[in-house]
Amino acid sequence: MSIPDYMQCAEDHQTLLVVVQPVGVVSEENFFRIYKRISSVSQISVRDSQRVLCIRYRHHYPPENNEWGDFQTHRKVVGLVTITDCCSAKDWPQTFEKFHMQKEIYGSTLYDSRLFVFGLQGEITEQPRTDVAFYPNYEDCQTVERRIEDFIESLFIVLESKRLDRATDKSGDKIPLLCVPFEKKDFVGLDTDSRHYKKRCQGRMRKHVGDLCLQAGMLQDSLVHYHMSVELLRSVNDFLWLGAALEGLCSASVIYHYPGGTGGPNGARRLLGGSLPAEAANRHRPGAQEVLIDPGALTTNGINPDTSAEIGRAKNCLSPEDIIDKYKEAISYYSKYKNAGVIELEACVKAVRVLAIQKRSMEASEFLQNAVYINLRQLSEEEKIQRYSVLSELYELIGFRRKSAFFKRVAAMQCVAPSIAEPGWRACYKLLLETLPGYSLSLDPQDFSKGTHRGWAAVQMRLLHELVYASRRMGNPALSVRHLSFLLQTMLDFLSDQEKKDVTQSLESYTSKCPGTMELITLPDGLSLPPVPLTKLPIVRCVKLLDLPASLRPQKMKSLLGQNVSTKSPFIYSPIIAHSRGEERNKKIDFQWVQGDVCEVQLMVYNPMPFELRVENMGLLTSGVEFESLPAALSLPAESGLYPVTLVGVPQTTGTITVNGYHTTVFGVFSDCLLDNLPGIKTSGSTVEVIPALPRVQISTSLPRSAHSLQPSSGDEVSTSVSVQLYNGETQPLVIQLENIGTEPLEKLEVTSKILTTKEKLFGDFLSWKLEEVLAQLPLQPGKVATLTVDIRVKLDFSCQGSLLPDLGDDGISVSGFPLCSPFRQVVRPRAESKASNPPEGSKPGDPSHTKTLEAILNFKYSGGPGHVEGYYRNLSLGLHVEVEPSVFFTRVSTLPATSTRQCHLLLDVFNSTEHELAVSAHGDGELTLQAGECRRMAIQVDKFNFESFPEPPGEDGHFANAKQLEEERQEARGLEINSKLGVRWRIISFPRGHSCVVLDRAHLSLKRTGEASVEGLLNQLVLEHLQLAPLQWDVLVDGQPCDCEAAACRVGDPIRLEVRLTNRSLRSVGPFALTVVPFQDHQNGTHNYDLHRAVSFVGSSTFYLGAVQPSGQSACLGALLFLYTGDFFLHIRFHEDSTRKELPPSWLCLPSVHVRALEGRA
Amino acid sequence: MRLGPLKAVPTAVWKINQWALEDENVFPWLAGTWQVLHLKCSGLVFLTGAHRVESHHFICCHPLLQNYPLYIRSIPTENELKFHYMVHTSLDVVDEKISAMGKALVDQRELYLGLLYPTEDYKVYGYVTNSKVKFVMVVDSSNTALRDNEIRSMFRKLHNSYTDVMCNPFYNPGDRIQSRAFDGMVTSMMIQVC
C-alpha cells in the first residue's frame, strides 16, 4: 500500500467502501451526474435494526490499497457500481463482459456489484437481473437511488453474515491468520500450532471482527472486540496489528464522542444526512453504555462470542484524552514498520483532525510535525503537492495560519519544480494566493496606506515576488504588473536600492507589453485585485490650488455682492450663519477659477528612488465640473528634496470643482491617486468655484517693457509695466493696445489710474486719456484690438529748491514798489559769475540734476460674456515707470513792476541742466537760447492777476480743510493760472557734437523734444503779491485822460485837471486816505529835482482827501495843476503817513507815477 | 541616527518604562512580539528578530495580531530568508502558547516559552514578555552545549537589554531597533555561544 488518502478521518473506519466506475465510453459529465446521485445515498438505516450503515464512495481506488483490506476493513472495496453507455443490443454482451472484467480487479473483496446501463432499450432490458439496471438515458433514471439502497442492503446482508460468521467461530476451529501484504512471506514455515501463533491469530481476528462490527453499526460491540484484541496482541508483541487495534479503538471512541464527525465540512454534511438520530439511537440502545470489558472473561483459547459476559467491568469507550494517547501509541507501533508508512501517515492525519476538534493545537502540531517526517517511498510530484496542501489545510485547521501558509507555499513551489515537465503555473499561482492571509498580506493597497507596516515584510516581499513570477509564467502580464506595482507601493521602505532598481526595471519591461491600469482585476476564482496607485512614486507632500494670476483674477462687482448678502439673510450680520458657513467651506477656497481659463494646482513632490524618476502624463483628477486636464511630464532627480510641480487644466463648465487627486504614469503603470487616501498630505482645501467665462485682454504698449518692478501697494499686482524717460515738463503719448485674446467679447471697460505715492510734487495731470475713443470700439470681439492713448505729462518742481529764497531776499529793488526809470528793460543781465560758473552737475544741496522717478498704475477693469452677467470683472494693471530728467530750472524768480500798475515783469533765472542746447520761450516768442549748464535771466511782462475773481475751491473741501490747506490750494490755483498765462516752454535744439553723430536716431528723436516749464512751484507769497492785481485800483487821470504809460501833454499856462480815482474791489471798506502830489523832474542822471515851486503851481491844494470807500464803491478827488515852464515833469503821488496805511499791503497803495510833458503854450 | 540608551536616565523614567514593559495592563500599547533567532552552523549562528503589535490591533482584534520584526540578526547572513520563514511560522506556536497561558495569573506567568518546535537542523526557542513582546532564538540542534538553562539566561539578558532600549527616550516604541548597545549585546551573546 503506497498511496495515502489524506482525506481520511476517524469516521471512515465505520464506512463501507464502494467503488463507482465507468465502463466503456461514458462522458465525464454523465458519469459524475450519476456518481453524485449515487453518493448522495451515504447512510442507510437497516430495516430490521436501528443500526446505520455508512458508505464511502470512490470513483478511483488503487487495487493495491485493497490488499490491505484485511488489516482495516474500511480499506476493502466491498461494492462495485459500474456505469456504462450501451446504445444497441449487439453491444450488450461486450459491455457485460467489460463489467465482469472490472469486477475481477476487486474481485477478492467484493460483496456485491451492480451495473447501470444507460441508453439501451429492447428485450434485453426486460430480463430480470438483480445486478444490472437499465435506463433509457441519463435523465430518465429516477430509480438510481432506490437501486443503490437495495444494493447497500445486499451489502449489509453479506457484511452481517461475515460478522456473525467470524464472531461465532468456534474456539476449537483453527483461526486463520490475517496478514498484511508485506507480512506474507514472513510467516512462511512458522509453527502454526504454537500458542504464540494462535494468540496472534486470535488477536488479529478479534480486531477484524471489531472492524466489521464498527462497519455494521455496532459501535459498542466493536469497542469490546478492539479491547480484547489489544490485550491479545499486546501479549504477543504483534505491533502492527496492535497499532491497528488501538486505532480501531480510537476510531470507535471518536465516532462515539464526536457524532458531528472530524472530517471538516464533509463530516458536517454527514451529520445533516441523518447520522445524529442514528447515533442517538445507538447511544440509547438499552444497556449499550454499560457494555464493559471483563478481561477475565477473555479466554486464551478462543474468542468468547458472548460479549455480554464482559459487561460490568471498565467502561470500554475511551475518554477524549485517552484517544490521543492511544493514537500516539498506535502511531509509535506503526512507525516500527517501514511498509506501514501510509497507515502511520493516515493515522496522524486522523489524530490531528480529532485534536483540532478538541482544540488542542499544540499536540496536533506535534502529530503534524511527525507526519512531515514520515518518509514514504519516492513520491510523485503530484503526490508531493497533495501532501503539502493537506499539511497546509491541517495546520489551518488547528489555527496555525503561518505554518499553513508556509506549506501552501511549498506546495505551490512544488507545482513548478524544475523536475516537472509541464510546470503548473496556474496551480502554483492559485496556491500562492491562498497563502496571503497567512502572511497578513492583503492585496488591497488601502490596507497599507495608514500607520506602520503590517506583517513581516521580508516574507511578504518574497511572496509578492513569487506571485509576480508565477503570474508572468502563467501568461497573464496584467496580473504580474498589478502584483509588481503592489510590491513597489507597499514594500518601498523595505527595498534596498539595488532591489528598487531591479523591481522598477522588471516593471518597465512588463508594462511595455501590458500597461498597468486602474481597473479591478477579477480572477476566475472570484478574488479581485484592487488597483494599485503608485502614490509613493513620487510622494506628494502638499497640494495647493493656485489662484489665477492677478491680471486674470475675477472680481465680483460690489453692488452685486451686496445683493447676494442681502438675499441670504435679512440681517447684516448673524453669528449663526457665519458659523455654519464656516463649516461648510472649511475645504472651500475663497478664490474663483474661470471657465475656459488655465488653472493651476501646485504639488510638492518627492522622489524616494535612488535614481531619476520619470513621471509621465501627470494630471489632475477632478469632479463637479467638466475639466480638461493638461497632463505634464516630469523628471525628478534621485532622492530629490521637495520639488514643486504645477499641474494645469481648463474648466469647461461652471460650478464647484473639487480636486480629488492626480493621475500619473510611472514605469508604464497608470495610477489614479486620490488625495483622501494619501497619508501625511497637506492640503489647504481642494474645492473651488468656477465662474462663467470672462474675456481676457492682453495689453501692449508703444513703450518698451520695464524691468522695474513697482513697489507693491495696497495689494495691486501689476502684470506688466512699461518705462519711459522724459525731461521735466515733457509730454509723451502712450499708445495702449488692448487685445481680446479670450473667447468672450469684451463689453465693458473702465480705466483708472493711480499714482504711487511719491515725494515729488507733481503739477498738473500726470496721466490723461479719453475713454470715449475706446468705448466706441466696444464690444471688442475676440481677436480684435482696441487702442487707447494716454498722455503722460511730467511736470515736477522747476524750482531750485533750497537756493531759491535767499536769492530773492537780497534783490531789494524788485520788491519795492518804487518805479524804475526804464520801464522797458527787456533784460536780463547775466547772472553773477559765481552762480553761472556753478556747473549743474555740481553737488549743490538738493542736486538739481538728479533724476526723479514717477510711478503710476493704470487699471483696466473689463468684463464681458457670461461672466459679466454674473457680475464679475477682471482687473488688468499696467505699471508705468517714468524717469524724469531735469530740463530747466528756475533758479530765481523775482518781479519788477512795470510802468503800468496793471502789469509787471516777472524775472526768471533759467538754468539749463540738460546736456543739450535749449531754447526757452514764453508765449511762443522771445526765444532764449541756453547752452548746456548755462543760466540766464528771462523777463516776461505779464498782466497782473486778479486772483480774487477765481472761484473758490469746491465748498465741501473748504469745510474740512484747515486754513493752511486752504491757503495752499489757493496758492496752487494761482500758480496754475499764472503758469497758463506764462506758457514757458523749452525746446531742445541741438545735441552736443560728440553725441550727435553716434546716436543719430536718438538725436533726431530728441530734436523734437519740447516741453513746458512750470513756475507753479516757485512762486512764493511775496512774488504772488506782486503779481496780484491790487484790490484798490487807482487811476490817475490827467486832463480827463487816463495816464498810464504814455506821457500826458499839456500846455504851459493852462491849468490841467488832475483826477485821482479809487475803485475798491476788496471786500472791506478802505480809507480815508490823504494823498499829496509831489512833482519832480528826472534829470536822467540819477538826480531828481523836487524843488519845483516856481515851475509848477497847484490850483487848489496839492493834497487830496479821499473819504472811506465801501467795498465795490468808487471815489474820486479832483485837483488842478498849472505848469509854468515847459519840460518833462513827473508827478509822484504820495500817501500821507497815517494809521490806515499800515493795515494795507503796500501793493494796494501802489499808484502809478504820472508823466506830464508841458509844451509851449499857444500864443 | 539612533542614540544608545542614555546612561543617566532618571530613575522615575526608568521605572515607568520598566512598568510599561512588565505590565501590559498599564500600557497595553506596548504589547507586541519580538524575536530572537539563534542558530549555529559550522561554528555559531545567531539570529535575532523582534516583533511588535500595533496597539489598537492588540486591543480590538486579538486574532489578527500583526506581528512584525523589530530586530533580526543572524549568522551567517546568507540564506537569511530561511530563518525568516522559520521564525515566522514559529509564531503560530508562540501564539498558541500565549493563549494557553492566558488564564494564568499575570505575575506568576513564566516568560520563557521553551522549545517551540524542533526541526531537523535547528531548535527554536521562544520567550514572551508580559507586554507580549516576543523573543525567538534559533539554535543549531547539534549544539548540545546549550541547555535549557543557558537559553533561559540568554533570553533574560536580551530582555534586560531590550528594556534599556525602551528606556531610551529617543526610541519610538514600534520602530526597528537600531541601538548600538543592543547590537553589541547580541553580538557578544553570539560569540559566547560559539
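The following paragraphs lead from the overall make-up of chain A to one of its helices and then to selected salt bridges. The structure is a predicted model.

Chain A comprises 1163 residues, of which 51% count as buried. Its secondary structure consists of 31 helices and 48 strands. When contacts between residues at least 6 apart in sequence are considered, 76% of them join residues at least 24 apart. The chain exposes about 53600 Å², and carbon and sulfur atoms supply 52% of that area.

Helix α7 of chain A, residues 239-257, allows a simple check of geometry. With 19 residues and 1.5 Å a residue, this helix should span 27 Å; the C-alpha atoms at its ends lie 26 Å apart, which agrees with the expectation. Helix α7 of chain A is also mostly covered, since 17 of its 19 residues are buried.

Salt bridges form the next topic. Over all chains, the structure holds 30 of them. One joins the side chains of A:K207 and A:D211, with an N to O distance of 2.5 Å. Both partners belong to helix α5 of chain A, residues 195-215, where 4 residues, about one turn of the helix, separate them. An α-helix has 3.6 residues a turn, so residues three or four places apart point the same way. A:K207 and A:D211 are both buried.

A second salt bridge pairs A:R553 with A:D547, at 3.0 Å from N to O. Here the surroundings can be read from the accessibility values. A:R553 has a relative accessibility of 24% and therefore counts as partly exposed. A:D547 is likewise partly exposed, because its relative accessible area is 24%. Buried residues would have to fall under 20%, and exposed ones would have to lie over 50%.

A third salt bridge is formed by the side chains of A:R874 and A:D597, 2.0 Å apart from N to O. This pair links distant parts of the chain, its members being 277 residues apart: A:R874 lies in strand β30 of chain A (residues 872-885), whereas A:D597 is in the loop between β13 (588-594) and β14 (599-606) of chain A. Both A:R874 and A:D597 are buried.

Salt bridges also extend beyond isolated pairs. Through shared partners, they join A:R402, B:D92, B:D95 and B:K134 into one network. That network includes residues of chain A and chain B.

Note on methods. Residues are numbered from 1 along each chain as its sequence is written. Chains are lettered from A and ligands numbered from 1 in the order in which they are written. This is a predicted model: local features need pLDDT of at least 70, side-chain atom pairs count only at pLDDT 80 or more; totals for chains, interfaces and linings use all residues. Side-chain values use heavy atoms; hydrogens and water are left out. Helices (H or I, at least four residues) and strands (E, at least two) are DSSP runs, numbered from the N terminus. The expected span of a helix is 1.5 Å times one less than its number of residues. Buried means under 20% relative accessible area, exposed over 50%, partly exposed in between (1.4 Å probe, protein chains only). Contact means heavy atoms within 4.5 Å. Accessible areas come from the Shrake-Rupley method with a 1.4 Å probe; for residues, only the protein chains shown count as cover. A salt bridge is a side-chain nitrogen of Lys or Arg within 4 Å of a carboxyl oxygen of Asp or Glu.
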